[in-house]
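Work through the exercises below with the model open beside you. Try each task before reading its solution.

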Amino acid sequence: MARKLDDINWARGQSARWAAVQVVLPYTLLALVWIFLSDRALNWMVADAEAWVWWSIAKGSLFVLVTSALLYFLVRRLLTRINRLLMNELRLRERRKMELEASEQRLKFALETSGVGSVEIDLKTRNTIRTPLHDRLYGYDQPPERWTPEIFLGHVIARDRERVRKAFESATREGREWSLEFRIRRLDGKRRWLWAAGRPLPGNDEEGSRVTIIVQDITEMREAQEQVRRLNTSLERRVAERTAELTAANQELDSFAYAVSHDLRAPLRAMNGFSEALIEDCSDQLDETARGYLNQIVLASARMGELIEGLLVLSRCTRGQIERQSVDLSALAESLLEELRRAEPERQVSQEIQPGLRLEADPRMIEVLMRNLLENAWKYTGQTEQAMIRIQAGEIDGQASIAIEDNGAGFDPDHSERLFKAFQRLHRQDEFPGTGIGLATVQRIVHRHGGRIQAEGQTGVGARFAFTLRSEGNSDTNRESH
Amino acid sequence: MRDRCLLLVEDNPQDELLTLRALRKANLVNPVEVTRDGQQALDFLLGQGEFADRALEPLPLVVLLDLKLPKLSGVEVLERLRANERTRLLPVVILTSSDESADRLRAYEVGANSFVRKPVGFAEFAETIARLGVYWVATNEPVEPGALRCR
């Protein structure tokens, strides 16, 4: 700043010197020419001594008049120029002042409309400049006579006072910016939360060190935050409670399904066993009708056995943690189909398995899933000539999927939503036997892996089941609960 | 060997009847003793309670032990048998409806010699029991009675 002022002075000095030269130089030239020429001209023109004196007086007077006119002209020109310069400077200052004022107005408007009070403290003289809003934040309708750091600290509640004092002092000592939240007691006794931030102002030593501080009432904000925190806490607690309830209900359901499946087996074995024993041990005492009835009991109990078996698998797939590993799906499908082939060597089924299919999944569950889907494909192609089962990679909504496709009996697409419900079947027992639990189990496994399953089919044309398993972890959180 | 019995621990009377029938059909002549809960099985084998005056020797050739039993569960019975010097090497076959891998693991952990699932189908059930009986009575060589005491 000081450097700039010197520059201006220097420039002024130069221009003043030049201005003087501009005045003096024409005068000097004119005077020199006059002194050099006037007397000689007079001598040449006037011979009479008496007349010469008069002419000389006239000549001198003329010189004075001419130089006066010249000086008048030159000085006026100089003054006009100076005047113009001054006017320019003045206008510039006026404009700067207005801009400063506008900037201050803008700042004031911003502070007032956003409810921010402002105070400037001179740390040496302890004088303060405050906005009315600043005083109102502390409960003063009229500006107080004096405002000092002590009065300020007197408003801060006792519990926050030491913290505020230390923060303010260390920030001032180190000359850095600071911001703080603290509670005050206003003049009217009300407690409020305030937020304040300060910054040291530039200045030299004679001016002393000044700090500008802005203050805002954040009571509502703090209360809202507190409210949000409280709501969050209670929400978390409620979620935890619900989760616990749900987990308990799930466990109960699981153990129920488990116990039922186990305890149902014993009486079933008895029904089945004694019917068979009756046929074996007492067949000579039984007629054809009685044996027929007994056979029906045996068939029914065998079917019930299958149902229980299916329920157990389903319940097992609902329980337990999912442990993901990389599974070679192509190899798995290969071996499962090989197993089916061995069980029914008379069937001719061609297969097409895309090599290198891999999945991140729980190996035991993925085996149950694939077994169910492949057994279905195997079963429903039972009446198809040139049966074909195909396993390949695909995509569902941009996610990598696996599709198992067959050209078997298919299903009516109008009823496809019933496909995945337990005990719901789209075929009669005498068409294709089954329990109706397999696809429910498949869907449960897919959901537990965070994936989706789609079924497409056409009666007499074939069926296609495509599923995705979300590859990243923590999908076990959205555990199926219905 | 012919006079040593088999011990069946089974609380379900129908399963008991079917098991006995299957063993009979397998032409096994060894007597089959039956106890109907865990405590009774333990009392029988350790000669205590209602069996206090029973001659302890010889031990059964094999114990067919159900897992779900009143009073003491199959696992608890097995744990106590293994803790007892006299019965710690007694062959025990778990015979159960359960096919839970956790049950299986637990049974082996406490020292089961074999784990057999009761099939629901009768023909399969009869065949399984018969095979079991024949194996443990005729094929398997047990620890000789008295061998333990001589050590």
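The exercises go from one chain to the interface, then to single pairs of residues.

This is a predicted model, in which local features need pLDDT of at least 70 and side-chain atom pairs count only at pLDDT 80 or more, while totals for chains, interfaces and linings use all residues. Residues are numbered from 1 along each chain as its sequence is written, chains are lettered from A and ligands numbered from 1 in the order in which they are written, and side-chain values use heavy atoms, with hydrogens and water left out.

**Exercise 1. Describe chain A in outline.**

Step 1. Start with the elements. Chain A has 10 helices and 12 strands. Helices (H or I, at least four residues) and strands (E, at least two) are DSSP runs, numbered from the N terminus.

Step 2. Turn to burial. Of the 482 residues in chain A, 33% are buried. Buried means under 20% relative accessible area, exposed means over 50%, and partly exposed lies in between (1.4 Å probe, protein chains only).

Step 3. Check the contacts, meaning heavy atoms within 4.5 Å. Take those in chain A between residues at least 6 apart in sequence: 62% of them join residues at least 24 apart.

**Exercise 2. Find the largest nonpolar core and the elements that build it.**

Step 1. Fix the term. A nonpolar core is a set of buried Ala, Val, Leu, Ile, Met, Phe, Trp, Tyr and Cys residues joined through side-chain atoms within 4.5 Å.

Step 2. Look for the best-connected members. The largest core has 39 residues, and those touching the most other members are Ile366(A), Leu369(A), Met370(A), Leu374(A), Ile391(A), Ile404(A) and Phe467(A).

Step 3. Trace the elements. Those of chain A that each supply at least two residues of this core include helix H8 (329-343), strand S9 (387-396) and strand S10 (399-406). H9(A) gives the most, 8 residues.

Step 4. Look elsewhere. Another core, of 25 residues, lies apart from this one; Leu69(B), Val92(B), Ile94(B) and Ala107(B) are among its members.

**Exercise 3. Characterise the interface of chain B and chain A.**

Step 1. Count the residues. On chain B, 20 residues are in contact with 20 residues of chain A.

Step 2. Take the area. About 1,700 Å² is buried between the two chains, and carbon and sulfur atoms give 47% of it. Buried area is the accessible area (1.4 Å probe) that two parts lose on being put together, summed over both. In chain B, Glu100(B), Val120(B) and Phe122(B) lose the most area to chain A, together 34% of what that side buries.

Step 3. Search for charged pairs. The rule finds 5 salt bridges across the interface. A salt bridge is a side-chain nitrogen of Lys or Arg within 4 Å of a carboxyl oxygen of Asp or Glu. One joins Arg21(B) to Glu280(A), at 3.1 Å from N to O.

Step 4. Name the elements. Helix H1 (13-25) and helix H5 (122-139) of chain B each supply at least two residues of the side that touches chain A. The largest share, 6 residues, comes from H1(B).

Step 5. Sort by class. The side of chain B that touches chain A has 6 nonpolar, 5 polar and 9 charged residues. Here Ala, Val, Leu, Ile, Met, Phe, Trp, Tyr, Cys and Pro count as nonpolar, Asp, Glu, Lys and Arg as charged, and the others, Gly among them, as polar.

**Exercise 4. Compare the settings of salt bridges within the chains.**

Step 1. Get the total. There are 41 salt bridges over all chains.

Step 2. Take Arg126(A) and Glu150(A). Their closest N and O atoms are 2.5 Å apart. Arg126(A) sits in the loop between strand S1 (116-122) and strand S2 (128-130), and Glu150(A) in helix H4 (residues 149-155), 24 residues apart. Arg126(A) is partly exposed at 39% relative accessibility, and Glu150(A) is partly exposed at 48%.

Step 3. Take Arg237(A) and Glu241(A). They meet at 3.8 Å, N to O. Both lie in helix H6 (residues 219-281), 4 residues apart, about one turn of the helix.

Step 4. Take Glu16(B) and Arg36(B). The N to O distance is 2.8 Å. Glu16(B) lies in helix H1 and Arg36(B) in the loop between strand S2 (32-35) and helix H2 (38-46), so the pair ties together parts 20 residues apart in sequence. Glu16(B) is buried at 11% relative accessibility, whereas Arg36(B) is partly exposed at 41%.

**Exercise 5. Place Phe274(A) and list its contacts.**

Step 1. Phe274(A) is in helix H6 of chain A. Its relative accessibility is 31%, so Phe274(A) counts as partly exposed.

Step 2. Leave aside neighbours within four places in sequence. Phe274(A) is then in contact with Arg269(A), Gln14(B), Leu17(B) and Leu18(B).
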